[in-house]
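The following exchange concerns charged side-chain pairs. Please consider the structure shown below before reading on.

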Amino acid sequence: WRSTDHGDTWRLHPMGTHLLNVGVNETAMAEVTPGTVLAHQRVENIPQYLIERWSYDGGVTWTEPLRTDIWGYPAHLLKLRDGRILCAYGYRREPAGVRAVLSEDGGETWDRDNTVVLRDDGGYPSSLKQDSSRWPRDQGNPISVQLDDDSILTAYYITESDGITHTAVTRWEA
């Protein structure tokens with residue numbers, strides 16, 4: 001949804017067709033250069049790989065979806081002061097937790113060889129969920145900010161072995 005009158009009215013700008021026949025949700029976006037927006041989306045029927053789309057007109061139109069090589073969901077994107085793009089995401093395989101990758105080329109490629117493991121002690125079902133078989137590895141939804149000293153603060157939720165789900169943060173260097 002987009003507003004040009006400070007929120008008085010809104011207009012839906014669809015992200016285009018789904019040639020890959022994927023159900024997407026939990027979209028994260030970052031403007032990587034003026035007018036160029038990168039979007040990462042969680043998908044339902046391509047097991048856990050993030051989908052990306054590009055807009056070259058500020059988010060009005062979008063490319064067809066492409067599967068990334070980033071396994072996890074959902075993602076958060078952040079353009080760092082030095083121009084790199086940060087993608088933080090929940091990782092629901094063993095060892096489950098929260099991870100991050102960086103791109104030196106505006107999101108075209110991701111340095112998966114240097115994946116940052118922010119947490120690897122999650123992956124337990126929440127004691128609050130009635131059906132833990134649906135949510136066997138409950139953690140994720142990271143969001144990151146770059147602090148004044150250029151370190152990164154990433155917040156997320158995680159369920160540890162005690163079954164208690166809580167919000168946590170990791171401060172780290174990118």
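Q: Which side chain meets Asp69 in a salt bridge?
A: In this predicted model, the contact is made between N and O at 3.7 Å. A salt bridge requires these atoms to lie within 4 Å. The partner of Asp69 is therefore Arg112.

Q: How many residues apart in sequence are the parts that Asp69 and Arg112 tie together?
A: Asp69 belongs to strand 4 (residues 66-71). Arg112 sits in the loop between strand 7 (97-103) and strand 8 (116-119), so the pair links parts whose separation in sequence, in residues, is 43.

Q: Is Arg119, which meets Asp121 in a salt bridge, buried or exposed?
A: The N to O distance between Arg119 and Asp121 is 2.8 Å. Asp121 is partly exposed, with a relative accessible area of 30%. For Arg119 the relative accessibility is 16%. Because buried means under 20%, Arg119 counts as buried.

Q: Where does Asp149, the salt-bridge partner of Arg171, lie?
A: The closest N and O atoms of Arg171 and Asp149 are 2.6 Å apart. Arg171 lies in strand 11 (residues 165-172), and the pair ties together parts 22 residues apart in sequence. Asp149 itself lies in the loop between strand 9 (139-146) and strand 10 (152-159).

Q: Is Arg171 buried or exposed?
A: Its partner Asp149 is partly exposed, at a relative accessible area of 45%. Arg171 has a relative accessibility of 53%. Since the cut-off is over 50%, Arg171 counts as exposed.

Q: Which residues are joined into one network by salt bridges that share partners?
A: The count of salt bridges comes to 7. Those that share partners form one network of Arg119, Asp121 and Glu160.

Terms used: Residues numbered from 1 in each chain as written. Predicted model: local features only at pLDDT ≥ 70, side-chain atom pairs only at ≥ 80, totals over all residues. Heavy atoms only, no water. Helix = DSSP H or I, 4+ residues; strand = E, 2+ residues; numbered from the N terminus. Buried < 20%, exposed > 50% of the residue type's maximum accessible area, 1.4 Å probe, protein only.
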